[in-house]
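This report goes through the strand pairing, the helix packing and a few backbone details of one protein chain.

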Amino acid sequence: MQAQLIALDWGTSSLRAYKLGPAGVVLEQRSLAFGIMHLPVEPRDIAGTRCSNGFELAFDAACGDWLDAQPTLAVIACGMVGSAQGWSEAAYRNTPVDVASLGQALHRVRSLRGVDVYIVPGVIEQVGLPNVMRGEETQVLGVLQNLRAGGELLIGLPGSHSKWVEVADGCITHFDTFMTGELFAVLSKHSILGRTQKTPEHFQADAFDRGVQVARSSDGQRGVLSTLFSARTLGLTAELGAEQQPDYLSGLLIGHELAGLPAGAKHTPIILVGAAPLCARYQRALALCDFAHVSLAQEATERGLWQLALAAGLIQPALEA
């Protein structure tokens with residue numbers, strides 16, 4: 001099957017490349033540790049030129065062989081590659097924004113190979129405290145492609161910086177960011193809480209559930225800065241074993257995150273997008289917190305990039321058949 005598009009999900013720590021065929025079917029995919037903060041440094045020849053540019057080197061490693069085989073393939077990318085620290089900055093679009101319209105605002109950068117790479121702009125909200133996203137907007141579009149048009153939706157994207165995106169009639173109207181994943185890593189590796197922790201061989205469900213319940217209890221109302229210390233004291237009083245403490249801390253942080261969701265969220269359909277194990281934690285926590293309408297989405301990034309490439313005219317709808 002002939003490829004029609006190369007789609008790149010290029011973040012801070014990793015680079016995922018997809019070779020897409022008709023209708024966006026994934027023909028081949030690969031993942032490299034060449035995020036924008038971890039670019040290759042060893043020079044090599046690209047298109048007959050000695051190159052030391054990390055972005056060019058990473059791009060060539062990700063899909064150079066695909067372009068050797070099909071030099072005219074269109075290339076689209078989303079994520080931190082379009083940030084100020086990225087390959088070339090793609091300006092933010094302000095909320096509210098119709099995510100499908102982002103295909104008309106792609107930023108072009110010419111690679112050393114002579115191939116144009118089209119970068120998806122991020123989204124910024126400047127009502128109250130400013131908030132930004134890069135890459136999640138593409139996942140939102142990928143989710144919406146599988147749904148009936150219209151209505152309100154809350155899309156959760158768990159990760160280092162979890163996003164909760166409110167969508168109405170195809171538009172991102174508001175979103176919040178919670179640094180849950182990064183805070184968990186920092187506390188586990190660089191604080192006193194990690195001193196008594198031991199990485200478990202298996203998920204400690206009871207400990208996780210206890211953390212979620214503490215976050216939503218009267219104790220939790222005092223805030224995460226108060227309840228965090230319980231990850232240590234419950235160990236000191238032998239109520240939590242060393243292997244239970246990491247999952248307790250995970251549940252506690254996720255529970256506080258969910259407590260910060262909009263008041264009407266429990267009555268709004270929620271769709272989770274992300275790594276399956278992490279989404280499973282969030283799905284479990286949401287159930288404990290009485291969120292009833294929760295589902296999971298698959299392949300949101302590649303679906304979103306395909307739709308944006310169609311909207312931009314990089315590929316033709318007739319080729320989907």
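The text below describes a predicted model, beginning with its sheets and ending with a single loop residue.

**Sheets and strand pairs**

Six strands make up an open sheet of mixed pairing, in the order 8-15-14-13-16-17. Its edges are strand 8 and strand 17 (294-296), each of which pairs on one side only. Within this sheet, strand 14 (residues 162-168) and strand 15 (residues 171-178) run antiparallel and are joined by seven bridges. One of the residues involved is Glu166, whose bridge partner in strand 15 is His174. Helix 2 (residues 136-144) packs on this sheet, where it touches strand 13 (152-157), strand 14, strand 15 and strand 16 (270-272). The direction of helix 2 makes about 130° with that of strand 13. With a cut-off of 145° for roughly antiparallel and 115° as the upper limit of roughly perpendicular, this angle counts as oblique.

A second open sheet has three strands in the order 7-11-12, again with mixed pairing. Strand 7 and strand 12 (131-133) are the edge strands, each pairing on one side only. Strand 11 (residues 123-125) runs antiparallel to strand 12, and three bridges join the two. In this pair, Ile124 stands opposite Val132 of strand 12.

Strand 9 (residues 107-110) and strand 10 (residues 116-119) also pair in the antiparallel sense, over four bridges. Arg108 has Tyr118 of strand 10 as its bridge partner. The two strands form a hairpin with five residues between them, and in this hairpin Gly114 takes a positive phi near 90°.

In general terms, the strands of a sheet pair through backbone hydrogen bonds, in either the parallel or the antiparallel sense.

**Helix packing**

How do helix 4 and helix 8 cross, at what angle and with which hand? The axes of helix 4 (residues 205-215) and helix 8 (residues 276-288) come within 10 Å and cross at roughly 50°. Helix 4 is therefore oblique to helix 8, since an angle counts as roughly parallel only under 35 degrees and as roughly perpendicular from 65 degrees. The crossing is right-handed. On the side of helix 4, the contact is made by Ala205, Phe208, Asp209, Val212 and Gln213, and on the side of helix 8 by Arg281, Arg284, Ala285 and Leu288. Sorted by class, this contact of helix 4 with helix 8 has five nonpolar, one polar and three charged residues.

Helix 3 (residues 180-190) packs against helix 7 at an angle of about 145°, with the axes 10 Å apart. The crossing of helix 3 and helix 7 is right-handed. Helix 3 contributes Thr180, Leu183, Phe184, Leu187 and Ser188 to the contact, and helix 7 contributes Pro246, Leu249, Ser250, Leu253, Ile254 and Glu257. The contact of helix 3 with helix 7 divides into seven nonpolar residues, three polar and one charged.

**Backbone details in loops**

Most residues other than glycine have a negative phi, and most peptide bonds are trans. The table lists two residues that depart from the phi pattern.

| Residue | Phi | Loop | Relative accessible area |
|---|---|---|---|
| Ala47 | about 50° | between strand 4 (44-46) and strand 5 (49-51) | 55%, exposed |
| Ala238 | near 65° | between helix 6 (230-236) and helix 7 (245-259) | 69%, exposed |

Ala47 counts as exposed because its relative accessible area is 55%, the cut-off being over 50%. Ala238, at 69%, is exposed by that cut-off as well.

Which peptide bond is cis? The bond from Thr95 to Pro96 is cis, with omega near -5°. Pro96 is placed in the loop between strand 7 (93-94) and strand 8 (97-98).

**Leu193**

Is Leu193 buried or exposed? Leu193 lies in the loop between helix 3 and helix 4. With a relative accessible area of 5%, Leu193 is buried, because the term applies under 20%. Leaving aside residues up to four places away in sequence, Leu193 touches Leu187, Leu228, Ala231, Arg232, Gln245 and Leu249. Among these, Leu187 and Leu249 also take part in the contact of helix 3 with helix 7. The C-alpha atom of Leu193 is separated by 39 Å from that of Glu152, which is 41 residues away along the chain.

Methods: Residues are numbered from 1 along each chain as its sequence is written. This is a predicted model: local features need pLDDT of at least 70, side-chain atom pairs count only at pLDDT 80 or more; totals for chains, interfaces and linings use all residues. Side-chain values use heavy atoms; hydrogens and water are left out. Two strands pair if DSSP finds at least two bridges between them. Axes are lines fitted to C-alpha atoms, for helices over the stretch in contact, and angles run from 0 to 180 degrees between N-to-C directions. A crossing is left-handed if the near helix is turned anticlockwise from the far one by less than a right angle, and right-handed if clockwise. Contact means heavy atoms within 4.5 Å. Ala, Val, Leu, Ile, Met, Phe, Trp, Tyr, Cys and Pro count as nonpolar, Asp, Glu, Lys and Arg as charged, and the others, Gly among them, as polar. Buried means under 20% relative accessible area, exposed over 50%, partly exposed in between (1.4 Å probe, protein chains only).
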